[in-house]
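Here are my notes on this model, as numbered points. Please read them with the structure open.

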Amino acid sequence: MLKRLAALGSALVLAGALAACGNNNGTNVGSVGVDWTGNDISVEAVADPQVKGVVCHVAYFNRSLIDRLQQGNWFEDPSYSAVDCSASGPITVGKINTGKGGEEIFQQSRSLIWKSLRVSRIYDAENNALVYLAHARELQQGSGKMSLSVVPLSGLDVTWSNGAPAGAKQAAPAGSAAGGI
């Protein structure tokens with residue numbers, strides 16, 4: 001009996017530690033309860049640290065303590081997530097990685113050790129757009145679960161603080177007519 005209580009107490013402590021882990025630079029927007037056991041879908045707003053004027057909303061599943069006790073697999077949340085990004089005002093692009101691999105702008109642990117939710121930004125020079133990819137990174141067996149959002153830069157008020165990369169299409173200055181007659 002004492003061993004069972006000790007095991008349950010340890011599990012509760014570790015579950016609390018799981019809830020607290022993560023390098024999360026998002027702001028909690030809210031959550032929606034999805035069932036009677038207390039499972040939730042959480043939504044966070046994530047500002048791109050190098051692109052002022054772009055905000056992403058990331059949704060992900062949070063398992064409840066009851067679900068963890070029922071299902072086992074105590075220290076892990078599902079990999080499912082969704083992302084949608086948009087311009088929230090004039091855009092100022094700072095020093096970003098314009099290579100094909102892009103760079104990570106958000107990370108949150110989804111298990112005690114093995115899995116994390118990531119949002120990466122990739123610059124699409126040919127289409128002058130910022131591509132945001134939400135995905136899980138797992139050390140074992142990988143994950144094909146992902147979500148994609150694109151913020152086109154053409155037609156928006158965009159400033160490149162370090163100069164636009166080669167091939168980037170620039171918006172016409174205010175007051176000028178593109179291709180005038």
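1. Sheet. Five strands form an open sheet in the order β1-β2-β3-β4-β9, and the pairing is mixed. β1 (27–33) and β9 sit at the edges, each pairing on one side only. From one strand to the next, the twist averages 30°. Keep in mind that this is a predicted model.

2. The β4–β9 pairing. These two strands run parallel and are joined by 3 bridges. T92 stands opposite T159 of β9. In general, strands of a sheet pair through backbone hydrogen bonds, either parallel or antiparallel.

3. Nonpolar core. The largest nonpolar core holds 23 residues. Within this core, V51, I91, L130 and Y132 touch the most other members. At least two core residues come from each of β3 (51–62), β4 (81–93), β5 (103–109), β6 (115–124), β7 (129–138) and β9 (158–160). β3 gives the largest share, with 5 residues.

4. I91. What does I91 contact, leaving aside its neighbours within four places in sequence? One group is V51, K52, G53 and V54. The others are V151, L153, L156, D157, V158 and T159. V51 is thus on the contact list of I91, and both belong to the core residues that touch the most other members.

5. Disulfide. How many disulfides does a search of the whole structure find? The search returns 1. The bond joins C56 to C85, with an S to S distance of 2.0 Å. C56 is in strand β3 and C85 in strand β4, so the pair links distant parts of the chain, 29 residues apart. The torsion about the S-S bond of C56 and C85 is about 105°, so the disulfide is right-handed. Are these cysteines buried or exposed? Both C56 and C85 are buried.

6. S42. This serine lies in strand β2 (residues 40–47). S42 counts as buried because its relative accessibility is 8%, against a cut-off of under 20%. Leaving aside neighbours within four places in sequence, S42 is in contact with G30 and S31. Its other such contacts are V58, A59, Y60 and N62.

7. N128. Where is N128 placed? N128 is in the loop between β6 and β7. Its relative accessibility is 1%, so N128 counts as buried. The side chain of N128 makes a polar contact of 3.0 Å with the side chain of Y123.

Key. Residues numbered from 1 in each chain as written. Predicted model: local features only at pLDDT ≥ 70, side-chain atom pairs only at ≥ 80, totals over all residues. Heavy atoms only, no water. Core = buried A, V, L, I, M, F, W, Y, C linked by side-chain atoms within 4.5 Å. Buried < 20%, exposed > 50% of the residue type's maximum accessible area, 1.4 Å probe, protein only. Helix = DSSP H or I, 4+ residues; strand = E, 2+ residues; numbered from the N terminus. Contact = heavy atoms within 4.5 Å. Polar contact = N/O pair within 3.5 Å; in protein donor to acceptor, adjacent residues only side chain to side chain. Disulfide = S-S within 2.5 Å. Pairing = 2+ DSSP bridges. Axes fitted to C-alpha atoms, helices over the stretch in contact; angles between N-to-C directions.
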